[in-house]
Amino acid sequence: MKRILFLLSLVLIPLLSYAQSSDYDIPRLWNYNASFNNAPFICHHQVGVYVSGGNAVTEMYWQDKIDELYKVGMYDEDSSCGLPLHFVGWGVEYYFNRDSRWKFGVSGGREFAFQEMTGGYVVSETNKLYHKYYVDAELWYVIPTVRYDWLKRSHLKFYSSASVGLARIRYEHKNKVFGTLASYLFDELIIGDQIGETEKWTDHSTVCAYQAVPFGCELGNRWFNYFIEFGYGYKGKIITGIRYSF
């Protein structure tokens, strides 16, 4: 009997000591009356899905390309300000919760934008030409992330994160010229279509992608959480979605 008690003490004393001092917040073994929902047990894995809106990085990149195309004559004066791209996207993510504060993970997703604009000018009394501009942009990214939860209040968490990874960007631009040609035949006005050539510009590039999130908020219970982030980088300006912990 004494040997059994001695062996149990060798096992239980280190375990109880670890439960008091561990950064992993495992529940204290002697707290039998605590409800399961209130126990400080931490789930070490977290997966999520999200949607995003806005992308300041690629929008500025496209504006620089618009300026270049304007200089070589692919845009007229009416459209020199460029096309207003509005990126939207989706993504998935995974986090490993090292402890109650630090999390390490990776996220990947796709963003896209499409825009068109038409401008025209009069060539002569019987001829008016139009330019129709198309922009089709797409972005794929994979970004490892480090996250730190700097404030926890019951079911509410506030955090910041930083990410660095890779992105593949594709831009396609088309400038289609078309117009109307009016002519007179036996004193009758005849209007026909005049289709011009389509100029096309395509760019593919692989770049170092990044994302900085100074403020993020997560609301929910131990397993399911809704979150929203405000950041700057290749994932978007506003990101919102749900996360599941296990």
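Colleague: What helices and strands does the protein chain have?

Modeller: The protein chain has two helices and eight strands. Along the sequence these follow the pattern α-β-α-β-β-β-β-β-β-β. Please bear in mind that this is a predicted model.

Colleague: Why is Asp99 called buried?

Modeller: The relative accessibility of Asp99 is 6%. Buried means under 20%, so Asp99 counts as buried. Within the protein chain of 246 residues, buried residues make up 37%.

Colleague: Why does Arg98 count as partly exposed?

Modeller: Arg98 has a relative accessibility of 38%. Partly exposed covers what lies between under 20% and over 50%, and Arg98 therefore counts as partly exposed.

Colleague: What makes the contact of Asp99 and Arg98 a salt bridge?

Modeller: Their side chains meet at 2.5 Å, N to O. The cut-off is a side-chain nitrogen of Lys or Arg within 4 Å of a carboxyl oxygen of Asp or Glu, so the contact of Asp99 and Arg98 is a salt bridge. By this rule the count comes to 11 salt bridges.

Colleague: How do you know that Arg110 and Glu138 form a salt bridge?

Modeller: The closest N and O atoms of Arg110 and Glu138 are 2.7 Å apart, and the rule asks for within 4 Å. This pair links distant parts of the chain, with Arg110 in strand β3 and Glu138 in strand β4, 28 residues apart.

Colleague: Are Arg110 and Glu138 buried or partly exposed, and why?

Modeller: Arg110 is at 21% relative accessibility and therefore counts as partly exposed. Glu138 is at 17%, so Glu138 counts as buried. The cut-off for buried is under 20%.

Colleague: What links Arg147 and Glu218?

Modeller: The side chains of Arg147 and Glu218 meet in a salt bridge at 3.4 Å, N to O. Arg147 belongs to strand β4 and Glu218 to strand β6, 71 residues apart. Both Arg147 and Glu218 are buried. Salt bridges with shared partners join them into one network with Glu93, Lys103, Asp149, Lys157, Glu229 and Arg243.

Colleague: Which element gives the most to the largest nonpolar core?

Modeller: Of the 20 residues in the largest nonpolar core, Leu85, Tyr171 and Tyr234 touch the most other members. Strand β4 gives the most to this core, with five residues. In soluble globular proteins, nonpolar side chains tend to be buried together.

Colleague: Which residues form a nonpolar patch on the surface?

Modeller: Trp102, Phe104, Val146, Tyr148, Trp150, Phe215, Phe230 and Ile238 form this patch, with about 690 Å² of accessible area together. The elements that give two or more residues to the patch are β3 and β4, and the largest share, three residues, comes from β4.

Colleague: Why is Tyr148 called partly exposed?

Modeller: Tyr148, in strand β4, has a relative accessible area of 32%. Since the partly exposed range lies between under 20% and over 50%, Tyr148 is partly exposed.

Colleague: How do strands β7 and β8 pair?

Modeller: Strands β7 and β8 pair in the antiparallel sense over seven bridges, and Glu229 has Ile239 in β8 as its bridge partner. The two strands form a hairpin with four residues between them. In the turn, Gly236 has a positive phi of about 135°.

Colleague: How many disulfides does a search of the whole structure find?

Modeller: The search finds zero disulfides. A pair of cysteine sulfur atoms would have to lie within 2.5 Å to count. Cys43 is buried, with a relative accessible area of 9%, and Cys217 is buried at 15%.

Note on methods. Residues are numbered from 1 along each chain as its sequence is written. This is a predicted model: local features need pLDDT of at least 70, side-chain atom pairs count only at pLDDT 80 or more; totals for chains, interfaces and linings use all residues. Side-chain values use heavy atoms; hydrogens and water are left out. Two strands pair if DSSP finds at least two bridges between them. Buried means under 20% relative accessible area, exposed over 50%, partly exposed in between (1.4 Å probe, protein chains only). Patches are made of residues with over 30% relative accessible area and no salt bridge: like charges are joined within 9 Å, nonpolar side chains (Val, Leu, Ile, Met, Phe, Trp, Tyr) within 5 Å. Accessible areas come from the Shrake-Rupley method with a 1.4 Å probe; for residues, only the protein chains shown count as cover. A nonpolar core is a set of buried Ala, Val, Leu, Ile, Met, Phe, Trp, Tyr and Cys residues joined through side-chain atoms within 4.5 Å.
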